[in-house]
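Visitor: I'd like to learn how people put labels on parts of a protein. Can we walk through one together?
Guide: Sure, have a look at this one and ask away.

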Amino acid sequence: MASPASSSRSQQQSTPLSRSALRARNALVLEHLPLADPLASAAARRLFPLVEREDLIQVAREALVRSAPRCRAAEPAGPYLRRCITGALQHHLRDRVRLVRVSRREHEKVTWPLMHLSLDAAAEGMAPLVEQLPAAQAAALRLMLLEGLSLRAAAQQLGISAMAVQRAQKKAVASLRLQLHAGGWGG
């Protein structure tokens, strides 16, 4: 059963805005457009070349348009809209972008080819290392990194929450990193 908050939210989204509310939303969007683009650009710079800047700008602007009508008149809109835009960007990255984070310390090591070690590369001995992982970790790693599924799709296929998949993947990557370092792969 839907909670009262979620049912009122769905009614709010399906109800068209009045002409004055539409004008107010458009004015708020235009006023805060300089907030959305830099947030998206900063995320794109941080994650280059994994994401396209234009895609993140589109996600940020869409979040701005969707969030503007929910701003409260008595409060400044900027901080609320910033949280909404940042959240939308994080959701987009989590659900649609394959990210394997490498620590800054590892990036600074020159011994890694291309400044990282690709987990889906055909490194000798990688398959046995993955087979040694616990079943949930190996499955999460295979689905997300090797098959390219999103976090939600992998969670649905495994029948667990997206957060559990993300935790299993992080543990698997950390375990593989340790095993690869012990085997002399990381310098």
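Visitor: How many helices and how many strands does the protein chain have?
Guide: This is a predicted model, and its protein chain has 9 helices and 0 strands. Read from the N terminus, the elements go α-α-α-α-α-α-α-α-α.

Visitor: What makes α7 and α9 "roughly perpendicular"?
Guide: Start with the value: helix α7 (residues 135–146) and helix α9 (residues 162–182) pack at an angle of about 95 degrees, with their axes 8 Å apart. Angles of 65 to 115 degrees count as roughly perpendicular. The value falls in that range, so α7 and α9 get that label.

Visitor: Which residues make that contact?
Guide: From α7 you have A136, Q137, A140, L141, M144 and L145. The α9 side brings V165, A168, Q169, K171, A172, V173 and L176. Sorted by class, that's 10 nonpolar, 2 polar and 1 charged residues.

Visitor: Why is R142 called partly exposed?
Guide: R142 sits in helix α7, and its relative accessibility is 29%. Buried would need under 20%, and exposed would need over 50%. The 29% lies in between, so R142 counts as partly exposed.

Visitor: Which residues does R142 touch, leaving aside neighbours within four places in sequence?
Guide: V130, E131 and E147. For contact, heavy atoms have to be within 4.5 Å.

Visitor: How much of the protein chain is buried?
Guide: Buried residues are 34% of its 187 residues. As for the outside, the chain exposes about 12,300 Å², and 56% of that comes from carbon and sulfur atoms.

Visitor: What makes a group of residues a nonpolar core?
Guide: Its members must be buried, of the right nonpolar kinds, and joined through side-chain atoms within 4.5 Å. The largest such core here has 25 residues, and L56, L81, I85 and L89 have the most contacts inside it. Helices α2 (19–46), α3 (53–67) and α4 (77–96) each supply at least two of its residues, with α2 giving the largest share, 8 residues.

Visitor: What does L56 touch, not counting residues up to four places away in sequence?
Guide: A40, A43, A44, V51, L89, H92 and L93. Apart from that largest core there's another one, of 11 residues, including L145, V173, L176 and L180.

Visitor: Why might nonpolar side chains gather like that?
Guide: In soluble globular proteins, they tend to be buried together.

Terms used. Residues are numbered from 1 along each chain as its sequence is written. This is a predicted model: local features need pLDDT of at least 70, side-chain atom pairs count only at pLDDT 80 or more; totals for chains, interfaces and linings use all residues. Side-chain values use heavy atoms; hydrogens and water are left out. Helices (H or I, at least four residues) and strands (E, at least two) are DSSP runs, numbered from the N terminus. Buried means under 20% relative accessible area, exposed over 50%, partly exposed in between (1.4 Å probe, protein chains only). Accessible areas come from the Shrake-Rupley method with a 1.4 Å probe; for residues, only the protein chains shown count as cover. Axes are lines fitted to C-alpha atoms, for helices over the stretch in contact, and angles run from 0 to 180 degrees between N-to-C directions. Angles under 35 degrees count as roughly parallel, over 145 as roughly antiparallel, 65 to 115 as roughly perpendicular and the rest as oblique. Ala, Val, Leu, Ile, Met, Phe, Trp, Tyr, Cys and Pro count as nonpolar, Asp, Glu, Lys and Arg as charged, and the others, Gly among them, as polar.
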